[in-house]
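Me: I would like to go through this structure in questions and answers. Please state each cut-off when its term comes up.

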Amino acid sequence: MSFGETPITVIGNLTADPELKFTASGQALARFTVASTPRTFDKDSGQWRDGTSTFFRCAAWRSLAEHVAGSLAKGSRVVLSGRIRQHDWRTPEGENRSMLAVEVDDIGASLRFTAVSIDGKRRPDASNDTWATAGATADPAPGAEPPF
């Protein structure tokens, strides 16, 4: 993250399936919206009440975009972290417009209300992953020491 960027963490649900597109240079881009709705407990009625939803327009790039499009769907509850970006443009009528969006750095399914399974498939460029363990095997010998 660069100096002066505004980090954000959002927990919410996808409002629609992610839209996967590719730029002219071949970069994958997934666009989606996450709705975050606060809930408070009303002691008088003994019930939970939904507050006003906030909608976050999000963008994920490259392999993250492809993982998002292949893993998440409308209604998926997610936890994401990213950076707020402002986009400015001029309409055909000459009016200046702007909007805030989240450029997603990381995203995962929330386990608060559901269970998910991870297939564990590694991405092709995992050899550049500084956290990857060199020489680790999927089925280590019984009683073998961890590789760290």
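Reply: A salt bridge here is a side-chain nitrogen of Lys or Arg within 4 Å of a carboxyl oxygen of Asp or Glu. The model is predicted: local features need pLDDT of at least 70, side-chain atom pairs count only at pLDDT 80 or more, and totals for chains, interfaces and linings use all residues. Residues are numbered from 1 along each chain as its sequence is written, and side-chain values use heavy atoms, with hydrogens and water left out.

Me: Which residue does glutamate 19 meet in a salt bridge?
Reply: Side chains of opposite charge can pair when their charged atoms come close. For glutamate 19 the N to O distance in the pair is 3.4 Å. The partner is lysine 21.

Me: Is lysine 21 buried, partly exposed or exposed?
Reply: Buried means under 20% relative accessible area, exposed over 50%, and partly exposed in between (1.4 Å probe, protein chains only). Glutamate 19, at 39%, is partly exposed. Lysine 21 has 43% relative accessibility, so the class is partly exposed.

Me: How many salt bridges does the structure hold?
Reply: One of them joins arginine 83 to glutamate 5, with the closest N and O atoms 3.4 Å apart. Another joins aspartate 105 to arginine 83, where the corresponding distance is 2.6 Å. The count for the structure is nine.

Me: How many residues apart in sequence are the parts tied together by arginine 83 and glutamate 5?
Reply: Helices (H or I, at least four residues) and strands (E, at least two) are DSSP runs, numbered from the N terminus. Arginine 83 lies in strand β7, whereas glutamate 5 is in the segment before β1. The salt bridge therefore ties together parts whose separation in sequence is 78 residues.

Me: Is arginine 83 buried or exposed?
Reply: Its partner glutamate 5 has a relative accessible area of 18% and is buried. Aspartate 105, at 39%, is partly exposed. Arginine 83 has a relative accessible area of 12%, so arginine 83 is buried.

Me: Which residues are linked in a network of salt bridges?
Reply: Arginine 83 pairs with glutamate 5 and with aspartate 105. The network also takes in Arg85 and Glu103. In full, its members are Glu5, Arg83, Arg85, Glu103 and Asp105.

Me: In what order do the elements of the protein chain run?
Reply: The secondary structure comes to one helix and eight strands. Read from the N terminus on, the order is β-β-β-β-β-β-α-β-β.

Me: Which residue in β7 is the bridge partner of valine 10?
Reply: Two strands pair if DSSP finds at least two bridges between them. β1 and β7 pair in the antiparallel sense over eight bridges. Opposite valine 10 in β7 is leucine 80.

Me: Which residue of β3 does asparagine 13 stand opposite?
Reply: β1 also pairs with β3, in the antiparallel sense, over two bridges. Asparagine 13 stands opposite alanine 35.

Me: Which element supplies the largest share of the largest nonpolar core?
Reply: A nonpolar core is a set of buried Ala, Val, Leu, Ile, Met, Phe, Trp, Tyr and Cys residues joined through side-chain atoms within 4.5 Å. Of the 18 residues in the largest one, those touching the most other members are Phe32, Val34, Ala60, Val68, Leu80, Val104 and Ile107. β1 (6-14), β3 (28-36), β6, α1 (62-71), β7 (77-90) and β8 each supply at least two residues of this core. The largest share, four residues, comes from β3.

Me: Which residues does threonine 54 contact, leaving aside neighbours within four places in sequence?
Reply: Contact means heavy atoms within 4.5 Å. Threonine 54 is in strand β6 (residues 54-61) and is partly exposed, with a relative accessible area of 39%. Its contacts are Val34, Ala35 and Ser36.

Me: What percentage of the 148 residues in the protein chain is buried?
Reply: Among contacts between residues at least 6 apart in sequence, 58% join residues at least 24 apart. The buried residues make up 22%.
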